[in-house]
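Work through the exercises below with the structure open. Try each task before reading its solution.

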Amino acid sequence: MHWAELRHSQGETAASVPSLLSRIVYGGEDAARQAADDLGECVCGLGFVVGEATAPAVPFLLELAGTPHVPCKTELLELLENIGRADVWHASASTARNTKHSPSYREQLGWEAASRATVLTGRPVVERLASSVRPEEAEPARKLLRAMDEVPPFSAV
């Protein structure tokens with residue numbers, strides 16, 4: 001993966017994504033939580049805007065959420081829920097009067113669809129976490145499962 005070639009939700013290069021993922025695993029509890037927060041801004045800005053780097057980041061988020069001893073599972077599961085629910089571009093496309101969209105707008109629609117689809121592929125990991133005896137894992141995992149059931153796949157715009 002060439003993260004520097006991808007753009008995150010703020011339009012900047014996603015080159016920082018690998019180091020943020022590493023800090024989640026190796027940085028200690030405070031560093032991991034800060035890295036999860038920073039990563040959230042990169043891949044799902046404001047909690048609802050995805051970018052080109054979002055879908056490629058989701059498998060890593062799912063893997064980390066399913067890994068024992070990662071201190072910020074709640075934050076990761078909430079981030080995955082936000083990514084799965086993100087639909088700012090599709091919502092605006094469905095209300096737009098002009099059906100001719102610019103190529104960049106179509107890219108953004110594709111990023112949302114790919115990101116949601118990739119989150120949905122993580123259902124087995126999330127189901128396993130939802131059955132955890134640890135409430136800090138189980139509750140956000142159950143919430144993510146409900147979101148997975150509530151959000152439909154995107155239709156072509």
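The exercises go from the overall fold to single residues, and the model is a predicted one.

**Exercise 1. The fold**

Task: Find how many helices and strands the protein has, and state their order.

Solution:
- Start with the count. The protein has eight helices and two strands.
- Now read from the N terminus. The order is α-α-β-β-α-α-α-α-α-α.
- Place the strands. Strand 1 covers 44-45 and strand 2 covers 49-50.
- Check the reach of the contacts. Take those between residues at least 6 apart in sequence: 63% join residues at least 24 apart.
- Finish with the surface. It comes to about 8,200 Å², and carbon and sulfur atoms account for 55% of that accessible area. Of the 157 residues, 43% count as buried.

**Exercise 2. The nonpolar core**

Task: Identify which residues touch the most other members of the largest nonpolar core, and which helices supply the core.

Solution:
- Recall the general trend. In soluble globular proteins, nonpolar side chains tend to be buried together.
- Size the core. The largest nonpolar core holds 38 residues.
- Pick out the best-connected members. Ile24, Leu39, Val43, Leu61, Leu76, Leu80 and Ile83 touch the most other members.
- Assign the helices. Helix 1 (17-26), helix 2 (28-43), helix 3 (54-65), helix 4 (73-85), helix 7 (123-130) and helix 8 (135-150) each give at least two residues to this core.
- Zoom in on Leu39. Set aside its neighbours within four places in sequence. Leu39 then contacts Val17, Leu20, Leu21, Ile24, Cys44 and Leu61.

**Exercise 3. Two salt bridges that reach helix 4**

Task: For the pairs Arg33–Glu75 and Glu137–Lys73, work out which helices are linked, and whether the partners are buried or partly exposed.

Solution:
- Note the total. The structure holds twelve salt bridges.
- Take Arg33 and Glu75. Their side chains meet at 2.7 Å, N to O. Arg33 sits in helix 2 and Glu75 in helix 4, 42 residues apart.
- Check exposure. Partly exposed means between 20% and 50% relative accessible area. Arg33 has 29%, so Arg33 is partly exposed. Glu75 has 26%, so Glu75 is partly exposed too.
- Take Glu137 and Lys73. Their closest N and O atoms are 3.9 Å apart. Glu137 lies in helix 8 and Lys73 in helix 4, 64 residues apart.
- Check exposure again. Buried means under 20%. Glu137 has 8% and counts as buried. Lys73 has 6% and is buried.

**Exercise 4. A salt bridge within one helix**

Task: Explain why Glu139 and Arg142 are separated by about one helical turn.

Solution:
- Start with the contact. Glu139 forms a salt bridge with Arg142, with the closest N and O atoms 2.6 Å apart.
- Look at the spacing. The two residues are three apart in helix 8, so about one helical turn separates them.
- Add exposure. Glu139 is partly exposed at 45%. Arg142 is partly exposed at 34%.
- Now turn to a network. Salt bridges with shared partners join Lys73, Arg134, Glu136 and Glu137 into one network.

**Exercise 5. The largest pocket**

Task: Determine which elements give two or more residues to the lining of the largest pocket, and which gives the most.

Solution:
- Get the volume. The largest pocket has about 180 Å³.
- List the lining. The residues are Ala36, Asp37, Gly40, Glu41, Cys44, Gly47, Glu75, Leu76, Glu78, Leu79 and Asn82.
- Sort them by element. Helix 2 and helix 4 are the elements that give two or more residues.
- Rank the contributors. Helix 4 gives the most, with five residues.
- Cross-check with earlier exercises. Glu75 lines the pocket and forms a salt bridge with Arg33. Leu76 lines the pocket and is a member of the largest nonpolar core.

**Exercise 6. Residues outside the helices**

Task: Locate Leu46, His69 and Leu6, and decide whether each is buried or exposed.

Solution:
- Begin with Leu46. It lies in the loop between strand 1 and strand 2. Its phi is positive, about 60 degrees, although it is not a glycine. At 63% relative accessible area, Leu46 is exposed.
- Go on to His69. It is found in the loop between helix 3 and helix 4. Its phi is also positive, about 70 degrees, and it is not a glycine. At 77%, His69 is exposed.
- End with Leu6. It is in the segment before helix 1. At 14%, Leu6 is buried.
- Measure across the chain. Leu6 and Pro56 are 50 residues apart in sequence, and their C-alpha atoms are 9.4 Å apart in space.

How values were computed:
Residues are numbered from 1 along each chain as its sequence is written. This is a predicted model: local features need pLDDT of at least 70, side-chain atom pairs count only at pLDDT 80 or more; totals for chains, interfaces and linings use all residues. Side-chain values use heavy atoms; hydrogens and water are left out. A nonpolar core is a set of buried Ala, Val, Leu, Ile, Met, Phe, Trp, Tyr and Cys residues joined through side-chain atoms within 4.5 Å. Buried means under 20% relative accessible area, exposed over 50%, partly exposed in between (1.4 Å probe, protein chains only). Helices (H or I, at least four residues) and strands (E, at least two) are DSSP runs, numbered from the N terminus. Contact means heavy atoms within 4.5 Å. Accessible areas come from the Shrake-Rupley method with a 1.4 Å probe; for residues, only the protein chains shown count as cover. A salt bridge is a side-chain nitrogen of Lys or Arg within 4 Å of a carboxyl oxygen of Asp or Glu. On a 1 Å grid over the protein atoms alone, a cavity is a set of points where a 1.4 Å probe fits but cannot get out, and a pocket is an open set with protein on both sides within 12 Å along at least five of seven lines; lining residues have an atom within 4 Å of a point. Grid points are joined across faces, edges and corners, and a volume is the space filled by probe spheres set on the points.
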